[in-house]
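Biologist: I am new to this structure and should be grateful for a short guided discussion. May we look at it together?

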Amino acid sequence: MQTLREFTRKTKRGNILKIVREHYLRDDIGCGSDLCQYCFQNEAYQLTSDHEIKSSLFKYPHYIVLDTNVVLDQIDVLEEDVFRNVIVLTTVLNEVKHKSSSIYKRLNEIIHDRTRNFYVFVNEHHKDTYADREPDESANDRNDRAIRMAAKWYDTHLQTSQESKVFQRSGRSVTRVILLTDDAGNRSKAEAEGILVSTAADYVKSLEDFPMLADKLSQKTFENEKQALPQYPPHLSMKELLEGFRQKKLLQGAFQASRENYLEGSVNVESFEKGILIQGRESLNRAVDGDLVAVELLPESEWSVPSEIVLEEKNVYADDVPSEDRVEQEKEMLQQVQTASVAERTPTGRIVGIVRRKWRQYCGILQPSLIEDTTRHIFVPADRKIPRIRIETRQADKLKNQRIIVTIDSWPRNSRYPHGHFVRSLGPLGNMATENEVILLEHDVPHCKFSEEVLSFLPKMPWTITPEDYAKRVDLRDLYICSVDPPGCTDIDDALHCRELPNGNLEVGVHIADVSHFIRPGNALDKEAAARGTTVYLVGKRIDMVPELLSSNLCSLVGGVERFAFSCVWEMDNEANVLTKRFHKSVIKSKRAMTYEEAQVLIDDSAQTGEIAKSLRHLNRLAKILKQRRMDNGALVLASPEIRFQVDSETHEPLEVEAKQMRDTNSMVEEFMLLANISVAQHIAAEFTECAVLRRHPKPPPTNFDPLVKAARYQGFDVVTDTGLELAHSLDKCVKADNPYFNMMIRILTTRCMMQAVYFISGSLQKEEFFHYGLAAPIYTHFTSPIRRYSDIMVHRLLAASIGADSTYAQLLERKSNEEICNNLNYRHKMAQYAGRASVALNTHLFFRGKEEDEEGYILFVRKNALQVLIPKYGLEGTLYLKGDKDGKDGLERTKSEVVFTFNEEDHTQRCGNVIFHSFDPVTVRLSLDSTNVQHEKLVFRLVKPYIKGFSVETTMDADSDQPPAKKVNKTKKKK
C-alpha cells in the first residue's frame, strides 16, 4: 500500500520548499510477541511471557511502550535488567536519534542485547499504525498521536489473540500494553482514548521487588522546594539569546570553571584573547564547566581581575541554605579584586543564558548527612570544577564509602545546586582499580574492552610474512637495526640504524611499525582507533588505542623477530647535513631491543666494538649536532616536573618515587624522531597541499609571558620573548650559582606560558601558520608512533599513497572529515595528558600515606594566600597555604590572628615579620597526606624553614635558624 508524505523545508535563502515523498505501508510487519496468533514472525520472539514484572499499579502481565521523553530522561533506569518486554517504536527511535546521539547509542546497545527483550516495531510503515500529519498539527503532536495509535493497536491486537479458547483454558492472565510518558498532555489524551498509561516515576516506584530503582530516576525538581525563593537570575529564552547574538549585545562561548576558586570562571570568546572573566555566584548563574553559554559584557568600570585566591567550598549539606561563611567568602573575594588597578583589569561579564548544556556522568562520593534516615543527599564530584549535586537515594548507608556515578538532570533557579540522580557504584574508596576507573571516566578516556566486531578485523593467528609481502617491500633484515625505549616498554614503534657508506658518508634510517598495513580504512578497527585517538598511560597501566595483538605483538618491533616497517632513510655527511632522503615500506629484523640505560652503557664502553655499538655512537654524535642546530634556530628546551614510580607487581601500589632521569640516549632517539617527522611533513605537504595532516604549535600571545617575565625580573634576569630564539637565549642566561634548580624552574614557568600544540589539515591554514614554535620548525607532523597515536596512522596512509606503496581512498583526501578527526585527536590528547597527571597525583598520595617527610623545595609562584612549592627530589608541586580557614585550621591548630602575611602586589612577595617570600626562594617543607576529605585527599605542605613562630612546624632543631637544612630531618621507613 502506498501513501504520500508532504512536508516543507526552509532553504538557506529563506525560500519555502514543499517536498512530497512516496511512503509505503505494509500489512506483514510482525508484532514480535509469542502470544500472537496472527502475525508472521520472521525471527525469534522478542516479547515473551517468561519475564513478568510485578507492579502495584498494573497487577497483570504487561508490555511497555516508551514515549520519547522517557527514553531521553530515564535512560539510566532503562539500562537496568529489570525492564524487559519493551516495545520501541521507530517514531521514538528517530526522535531520540535527532535529539541525542549519545542516548541513541545507549538505547541501541540495549536493543541489540537479545536477553533484554526490547523489540523495535516499525510503526511508521505498518498500515494500522501509520499516522498522517493533519492540517495545522505540529510535528511533535503528530508523533505523540502516532505513539498513542501504536500503543492502542498493540493492546487491541494482543487481546484479540488472547481470546482463543486454548489461551482461556490455560488459566493465564491477559497481557496488556502500557504507555509510559512524562508528557502531561499526551498522558491525558491517552487516558481519554482508553489507553493504559503512567508516568515513568510512578511506574518505577510501583515495582515492589526493586525499591532501589527509584534512585536512578531523573530528578527535575524536589518536592518541598517548589515554593523556595529564587537564588539565581532567570535565564533568557533561546529566542532572546538569538536576538542578542544578532544585535551583538551578547557573546557566545564555552564556560570554563576555575579549579581553584569555586566562585570564578571564564568564557572563551573568539574576539577576546584571554576570554571573559566571570566572578560571583549570580554572574556564574548555574553554568557548569563545558556548557556553551551566552555572556553579557559588563561596562568597563565594572571590569575585574582574576582573584588569585584559592577558595574551596566547604561544609555544605542537603538543607541548601547558603551559610553566612559562604556569603562572607564571596564578599571578601569581590572586595579584594575591586582594589586592583584599572590597567590590570580584564573584560568581565555575567552569564545570562545557556545555549547548550554539556552535562555528562560525574564520579564522586556522597557527603555524610547530618539528618538520620533522610533520602536527600549532597553528592561531591571528584572534579573540583563541577558543583555539588543534590540527589535522592535510599541506599546512602551502602554508598557512603563508595565511589559513585551521578548525572545532572536540571538546575532550577530556586536551588543552590543542580539536581541529579544516582547511576551506579564504581567500588570502594581508595581501592586502586576503583580510583583508576574514576580517572578514566573523569577524563573521558574510552576504556571498555574491544568489541567482537573490532577484534574480527585482526589478522588470524598464527600470522606469517608471505612471499608476496617480501616482493612488495624493501628487505632490510640484514641491517644492524636496534630499538631504544624506556624499561618495560612492549609497544615498540620505532627502531634506528646507522652505517658507513663507501663514499665516506653515513646512511641513517628510522624504521616505524607499519600499523596501517593491519588497520584498513573505514573498518570497525579503524573507527575504534580513530575514536580513542591515543594510547593513555597511567602509572602501572596502559589503555591501548589498538588491541594488544597489534600493540604488543605483530606491530611491536621486538628484537630478533621479522616485522613490517615504514622506513625513512637519509644519506648524511659527517656534519649531519641531509644529502638525500627516501621513504619505503620494508621488512626489518631488529638485532636488539634496548633500554635508554643499556644503550648509554654500550656507547660509553670503549671496549664495545660491535656493529650496534658503532651504529649507536654515530647516531649519538649526529644527534648532538642536530640538537645544537635546532637550538641555534630558536628551538626551546622546556621542562616539566616528571616522576617515575617503582610499583609493587602484586598490589600495584607505589614502593618508591623519584624524579625521571634523562640521558644522552633519550636525546639521541628524540632528535631522529623529530628529523623523521619534519622530513615526512615536508613530503606530504608538497604532495597533498589541501589535506595533509600536520601539527602546529602557535606562538603564545605576549601577555602569556607576563608571570615569567615578572618572576625573572625580580631575580635580576631580563627574559626577552619577542622571538623563540631570543627567549631561548634568555632562558640559557637564567643561571644562579647558589641555586642549581633555578634554571629548571624558569623553564617550568616557561612551559606554563605555552599554547597547546594541535593537529590540523594543511588546506585550512596559511603556510605561515604551520610553524611549530617550540621546535622552531616551519612544518611538522607525527609519523613515528602509530601504535599509540591515530594521527600517525593517517600520516602513514598519506605517505604510502604518495610513494605508490598503498592505494588512496575518498576519505583520505576529504578535508572536512579529516578536520573533524583532528578535532577529536586534539581533545583525546589533552584528556590523556590530564589523566596521566591525575594518575601520578593518585600514586603520590598512596606513597605518602602514613608518612611524614621534610624535604628541600623552592617557591615557584607567590599567590595572595598561598605559595606554590616545587620539590625537585620528587619532581612534584604543591600548595602551602598562608591563611587559615574560618575555623582556624589549615593542617595546623592555630588562629588567624597569630600570624599575619602581607601580599605585595608590585613584586609578588609575601611578608611575615622579618621573613619575605619571593619566587624561587629555597624553603624546607614537611610533606604529609591529609585524608580528612576522603574525596580529595591532598598532599599537605607545611613550612619548616624559614622558621615563623606560630606558623612553622616545630622541630627538635634550633627554631631560630632561618637557613633551610641541607637534608630532610624525618623520614619514616618505606613499606615493603
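Biologist: Leaving aside residues up to four places away in sequence, which residues does Arg-116 touch?

Modeller: The model is a predicted one. Arg-116 is placed in the loop between helix H4 (101-112) and strand S5 (118-121). With residues up to four places away in sequence not counted, its contacts are Leu-78, Glu-79, Glu-80, Asp-81, Phe-83, Arg-84, Asn-85 and Ile-110.

Biologist: Is Arg-116 buried or exposed?

Modeller: A residue counts as buried under 20% relative accessible area. The relative accessible area of Arg-116 is 3%, so this residue is buried.

Biologist: How far from a polar atom of the Arg-116 side chain does the backbone oxygen of Glu-80 lie?

Modeller: The side chain of Arg-116 has a polar atom 2.7 Å from the backbone oxygen of Leu-78. For the backbone oxygen of Glu-80, the distance to a polar atom of that side chain is 2.6 Å.

Biologist: Turning to the strands, which are the edge strands of the open sheet in the order S34-S35-S36?

Modeller: Three strands form this open sheet, and their pairing is antiparallel. The twist from one strand to the next averages 25°. Pairing on one side only marks the edge strands, which are S34 (902-904) and S36 (915-917).

Biologist: Which residue in S35 is the bridge partner of Phe-903?

Modeller: Strand S34 pairs with strand S35 (residues 909-912) over three bridges, in the antiparallel sense. Within S35, the bridge partner of Phe-903 is Gln-910.

Note on methods
Residues are numbered from 1 along each chain as its sequence is written. This is a predicted model: local features need pLDDT of at least 70, side-chain atom pairs count only at pLDDT 80 or more; totals for chains, interfaces and linings use all residues. Side-chain values use heavy atoms; hydrogens and water are left out. Two strands pair if DSSP finds at least two bridges between them. Helices (H or I, at least four residues) and strands (E, at least two) are DSSP runs, numbered from the N terminus. Axes are lines fitted to C-alpha atoms, for helices over the stretch in contact, and angles run from 0 to 180 degrees between N-to-C directions. Buried means under 20% relative accessible area, exposed over 50%, partly exposed in between (1.4 Å probe, protein chains only). A polar contact is a pair of N or O atoms within 3.5 Å; within protein, one must be able to donate a hydrogen and the other to accept it, and residues adjacent in sequence count only if both atoms are side-chain atoms. Contact means heavy atoms within 4.5 Å.
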